[in-house]
Amino acid sequence: MLIVGTAVVYRLALGFAEREYDHSLYESAFDIMQLLKKSAEDSGQIHLPNSASDLILADSEDEDFFSITNAQGEAIIGNTRLQPPLVKAKLPNETIYYNSVVDEKPVRVVSVPITLLLLGKPQVLHVQVGETLNKRQHLADQILSSFVVPQIILITLSAMLVLFGIRRGLAPLEKVRDAIAHRSYLDMRPAPTAEVPIEALPLIEEINGLLKRLNTVFEAQKRFTADAAHQLRTPLAGLAAQTDLALGQNNPAPTTHALQQIKTVSRSLNHLIHQLLLLSRSEAAGAHALYDTVNLRELVQEIVLENVPRAAQKNIDLGFEGTDEAITLRGNRQLLQEMLLNLVDNAIRYTPIDGKITVRLDDGSKASLTIEDNGPGIPLEEREQVFERFHRVDRASSIEGTGLGLAIVQQIALAHGATITLTEGQGGQGCLFRVEFPEQYKTLD
Ligand SMILES: Nc1ncnc2c1ncn2[C@@H]1O[C@H](COP(=O)(O)OP(=O)(O)OP(=O)(O)O)[C@@H](O)[C@H]1O
Ligand SMILES: [Mg+2]
């Protein structure tokens, strides 16, 4: 920018000076014209006194030339043959300035037309005065050395100063970079902000915020792995003990019992592993599970039908209520199935014999799915905790479970932008789980 500015100013200064020099060139031509006029008036002929050359040869720096040509371009008088201008004058009386060459030297020339009465006839003559470019070149050099060079020095100095300033300003950031670069990948402490310049502070604070969030996830992951390992260890130890028992028996009766135990533990281990994998899959889905177009009504009816026989074993009345119309939304079909399966499974598992379970699908402004039972319900103070991993309401209860089901349900709801709430059922009895899908995920059939 500064360099362009300097170049423009240089050109302007040169332009002004050129005009001044052109003007004095014209004045020389004018003086000659006065002499010519006088000569024409006095004698009807053109005759220049010797002093004419002196009129223009007053300059010590440059060589000067003049010539007078007639309308046909023939030189009549003069000390050099100056080339006529390459560009023709637009107007008959126009003065033209142009660049030409004399003896291989570049010259600046002015050509001025004059009409004189010679031997009674008007004749158009051209007075051309030229000079070499030495003083113009000197002036250009002077402008260059007195203005452009200091300007360039100034620009260079400013650039160095700015660079120095930037380096100095960025030095604290380099410290932060070094502090982070030499860290272990497990170290999630915030980056130091003490010396960070105020302009860069929001960036470092954002990064620190991200580190904090990462740390939370990291800690949760560590806890989960520890919990999962612990959960797996107990049934595995049971399996080993039962196997030892079976191997140590000659009597078929205890062997059969031990084998039955092994079968039960294997089944619950299998369930635990299924739930663990499902939880990790639903967590991985994050908030991006919206790839399939799912007909929610069809899916809900399918799962209810599939579970009627299981409910019937406890004489539980499992029913479906709600709209006959298709409710379609974008989501992950398999995860949605698992979500509903966990809720229906809980209802069947925790509702005692002769109970009642109703699955309802409402197509209001938002699609909502409710699973209601008339079982023992969940105490108010535990309604938030049951959504945490491995939390079970009554651990002494004989009913088996991993405590992961509702954590999975919540993750899947989250991945679909849905909310899940838990209240008591009708008449303050049992559980009512409601999953409410956001409006925008509903699609037309
Ligand atoms: N419909 C319900 N009625 C009564 N209690 C329930 C109901 N649903 C869940 N609970 C309670 O909430 C706890 C957590 O449920 P969750 O589904 O997360 O785990 P789980 O059923 O124990 O194990 P999993 O579902 O992995 O087999 C259960 O242990 C149970 O005590
Ligand atoms: Mg469950």
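How many of the chain's 445 residues count as buried? The share is 36%. Keep that in mind as you go through these views, which all come from a predicted model.

**View 1. The whole chain, before we zoom in.**
Start by getting your bearings: the chain has eight helices and 13 strands. Along its principal axes, the C-alpha trace spans about 155 × 55 × 40 Å. The radius of gyration is 51 Å, while a compact globule of 445 residues would come in near 22 Å. Now think about who touches whom. Take the contacts between residues at least 6 apart in sequence: 64% of them join residues at least 24 apart.

**View 2. The surface and its charges.**
The accessible surface adds up to about 26,800 Å², and carbon and sulfur atoms account for 58% of that. As for charged side chains, you have 41 positive and 55 negative ones. The centres of these two sets sit 4 Å apart. Some charges pair up too: the structure holds 20 salt bridges, and the next views pick out a few.

**View 3. Arg-136 and Glu-131, a buried pair.**
Here the side chains of Arg-136 and Glu-131 meet in a salt bridge, at 3.4 Å from N to O. Are these two buried or exposed? Arg-136 has 6% relative accessibility, so it counts as buried, the cut-off being under 20%. Glu-131 is buried as well, at 4%.

**View 4. The network around that pair.**
Step back a little and you'll find that Arg-136 and Glu-131 belong to a network of salt bridges. The other members are Glu-18, Asp-22, Asp-62, Arg-108 and Lys-135.

**View 5. Lys-175 and Glu-195, a helix joined to a loop.**
In this salt bridge, the closest N and O atoms of Lys-175 and Glu-195 are 3.0 Å apart. Lys-175 is in helix α3 (residues 134-181), and Glu-195 is in the loop between α3 and α4 (201-247), so the pair ties together parts 20 residues apart in sequence. Glu-195 is exposed, with a relative accessible area of 52%.

**View 6. Glu-372 and Arg-360, a link between strands.**
The last close-up shows the side chains of Glu-372 and Arg-360 meeting in a salt bridge, 3.7 Å from N to O. Glu-372 sits in strand β10 (residues 367-373) and Arg-360 in strand β9 (residues 356-363), so this pair ties together parts that are twelve residues apart in sequence. Check how covered each one is: Glu-372 counts as buried at 10% relative accessibility, whereas Arg-360 is partly exposed, with a relative accessible area of 22%.

Conventions
Residues numbered from 1 in each chain as written. Chains lettered and ligands numbered in written order. Predicted model: local features only at pLDDT ≥ 70, side-chain atom pairs only at ≥ 80, totals over all residues. Heavy atoms only, no water. Helix = DSSP H or I, 4+ residues; strand = E, 2+ residues; numbered from the N terminus. Rg over C-alpha atoms; globule rule 2.2 N^0.38 Å. Buried < 20%, exposed > 50% of the residue type's maximum accessible area, 1.4 Å probe, protein only. Contact = heavy atoms within 4.5 Å. Areas by Shrake-Rupley, 256 points an atom, 1.4 Å probe, with all protein chains shown as cover. Lys, Arg positive; Asp, Glu negative; His and termini not counted. Charge placed at Lys NZ, Arg CZ, Asp CG, Glu CD. Salt bridge = Lys/Arg side-chain N within 4 Å of Asp/Glu carboxyl O.
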